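Visitor: I have a structure to go through. Take me around it with short questions and short answers.

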Amino acid sequence: MTDIPPGGAPDDKPRNSFFSKVKRGLFMTHTEIIEKIGTAVKESLGFDESVVLALEETLVEADVGADTAAALAEALRRRTNPTRRTDATELRTLLREEISRWLSSAPRAAAASPGVSLEVVFLVGVNGSGKTTTTAKLARRYAADGRAVLLAAADTFRAGAIEQLQIWADRLHLPMVRHREGADPSAVLFDALASARARGVSVLLVDTAGRLHTKHNLMEELAKMRRIAGREIPGAPHQTLLVLDATTGTNGLAQARKFVEAAGATGVVLTKLDGSAKGGIVLAIYRELKLPVLYVGVGEGLDDLVPFDPSEYASALLGEDQAETSETADVSGSAV
Ligand SMILES: Nc1nc2c(ncn2[C@@H]2O[C@H](COP(=O)(O)OP(=O)(O)OP(=O)(O)O)[C@@H](O)[C@H]2O)c(=O)[nH]1
Ligand SMILES: [Mg+2]
């Protein structure tokens, strides 16, 4: 199943470059949270109930979800000593530990299934969430890992969609199966599966059309594609990646749940984190969808896709210093 590349892509040099990408993506959320914690602590000259409430509000604004924000605030109440002054740095460290603890119990990607010679990956989601761009970014990562990649242009619906993917395929020097606009996406998939087998491809990435979760016939179309994939290749699709736009916030999660139910989504790619102050949504996704976040998109370029790492996320969200890094990593590393 899911296989998070072990950091083998060309853009992933040392950890610093990896970390800086996540951090860059989370910059807006990070700045907001840090500023608000600083202000709340300063206003009350220490830590009291007004700080907890301000913090809870900040977390809600960062889209961690109301329940999760309340639970985090409660954990901080328990962990702080009312008779001793707590400064903003200490508060941040406590919050980071609590967030790491939450993340450590979050769903994890299933291990890659051994013996799968052709892995079929669907990318699904609402209109404009970033499916096509993510298809190209993933293709690049897989290709950099030495895998033979084939693309399927199964968005035959939107004008220009096939050409859009073709441009990426050309840039990446990767083969792509396409039909004309308006063709049956299942037919594209069928041909792509046959072509993948004939070419000995190891991963087939299927870009699908954006659709609203309320459009029953379009959701059915995805179900049909799943059946066809499963009939042709046992176990396929091995991954169905739900591509979510971070800027839509928690409102998008109700729609997203339909994709879990109707399209069998197995993991989330969270895009546009670079343009959002709502990076806390990762926590809400875990709570609402019970799906692992596998990658985050932090820009429009081919290299702007980062495998999700819970401890990096907590650090990027709340800042880190040398002494705290290993601590955070330990908390999340202990979880399965
Ligand atoms: N800033 C930023 N922009 C992104 C990211 N991912 C995608 N985009 C942009 O979002 C826009 C839509 O991306 P697409 O990949 O075409 O989205 P889509 O889901 O395929 O859209 P439809 O096929 O129309 O449903 C494009 O302008 C992308 O460049 C990201 O991580 N960060
Ligand atoms: Mg698209």
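Visitor: Does H173 count as buried or exposed, and why?
Guide: This is a predicted model. H173 lies in the loop between α7 (161-172) and β3. A residue with 12 or fewer other C-beta atoms within 10 Å is exposed. H173 has 7 C-beta neighbours inside 10 Å, so it counts as exposed.

Visitor: What is the phi of H173?
Guide: Most residues other than glycine have a negative phi. H173 is not glycine, and its phi is positive. The value is near 55°.

Visitor: Is K272 buried or exposed?
Guide: K272 sits in the loop between β6 (267-271) and α11. Its phi is positive too, near 60°. The cut-off for burial is 20 or more other C-beta atoms within 10 Å. K272 has 23 of them, so K272 is buried.

Visitor: What about R199: which exposure class does it fall in?
Guide: R199 belongs to helix α8 (residues 185-199). Buried starts at 20 neighbours and exposed stops at 12, with partly exposed in between. R199 has 13 other C-beta atoms within 10 Å, so the class is partly exposed.

Visitor: What separates the C-alpha atoms of R199 and A148?
Guide: Along the chain, R199 and A148 are 51 residues apart. In space, their C-alpha atoms are separated by 8.9 Å.

Visitor: Which peptide bond is cis?
Guide: Most peptide bonds are trans. P237 lies in the loop between α9 (216-232) and β5 (239-245). The bond leading into P237 has omega near -5°. The cis bond runs from A236 to P237.

Visitor: In what order do the 8 strands of the open sheet lie?
Guide: The pairing in this sheet is mixed. Its edge strands, each pairing on one side only, are β3 (176-177) and β8 (305-307). The order is β3-β2-β4-β1-β5-β6-β7-β8.

Visitor: How many bridges join β1 to β4?
Guide: Strand β1 covers residues 119-124 and strand β4 covers residues 203-208. They run parallel. V121 stands opposite L205 in β4. The bridges joining the two strands number 5.

Visitor: Which residues touch the most other members of the largest nonpolar core?
Guide: This core has 92 residues. Helix α11 (residues 281-289) supplies the largest share, 7 residues. At least three residues come from each of domain 1 (22-106 + 316-331) and domain 2 (119-309). The residues touching the most other members are A152, L204, L205 and V206.

Visitor: With which residues is L204 in contact, leaving aside neighbours within four places in sequence?
Guide: L204 is one of the core residues that touch the most other members. Its contacts beyond those neighbours are L118, V120, V121, L150, A152, A192, L193 and A196.

Visitor: Which helix gives the most to the shell around ligand 1?
Guide: The ligand is surrounded by 22 residues, the closest being G130, T132, T133, G210 and G297. By class, 3 are nonpolar, 12 polar and 7 charged. The helix that gives the most, with 3 residues, is α6 (residues 131-144).

Visitor: What percentage of the contacts between residues at least 6 apart join residues at least 24 apart?
Guide: The protein chain has 13 helices and 8 strands. Buried residues make up 47% of its 336 residues. For those contacts, the share joining residues at least 24 apart is 76%.

Note on methods: Residues are numbered from 1 along each chain as its sequence is written. Chains are lettered from A and ligands numbered from 1 in the order in which they are written. This is a predicted model: local features need pLDDT of at least 70, side-chain atom pairs count only at pLDDT 80 or more; totals for chains, interfaces and linings use all residues. A residue is near a molecule or strand if its C-beta atom, placed from the backbone, lies within 6 Å of it. Helices (H or I, at least four residues) and strands (E, at least two) are DSSP runs, numbered from the N terminus. Ala, Val, Leu, Ile, Met, Phe, Trp, Tyr, Cys and Pro count as nonpolar, Asp, Glu, Lys and Arg as charged, and the others, Gly among them, as polar. A nonpolar core is a set of buried Ala, Val, Leu, Ile, Met, Phe, Trp, Tyr and Cys residues joined through C-beta atoms within 7 Å. Domain bounds come from an automatic or database domain assignment. Two residues are in contact if their C-beta atoms, placed from the backbone, lie within 7 Å. Two strands pair if DSSP finds at least two bridges between them.
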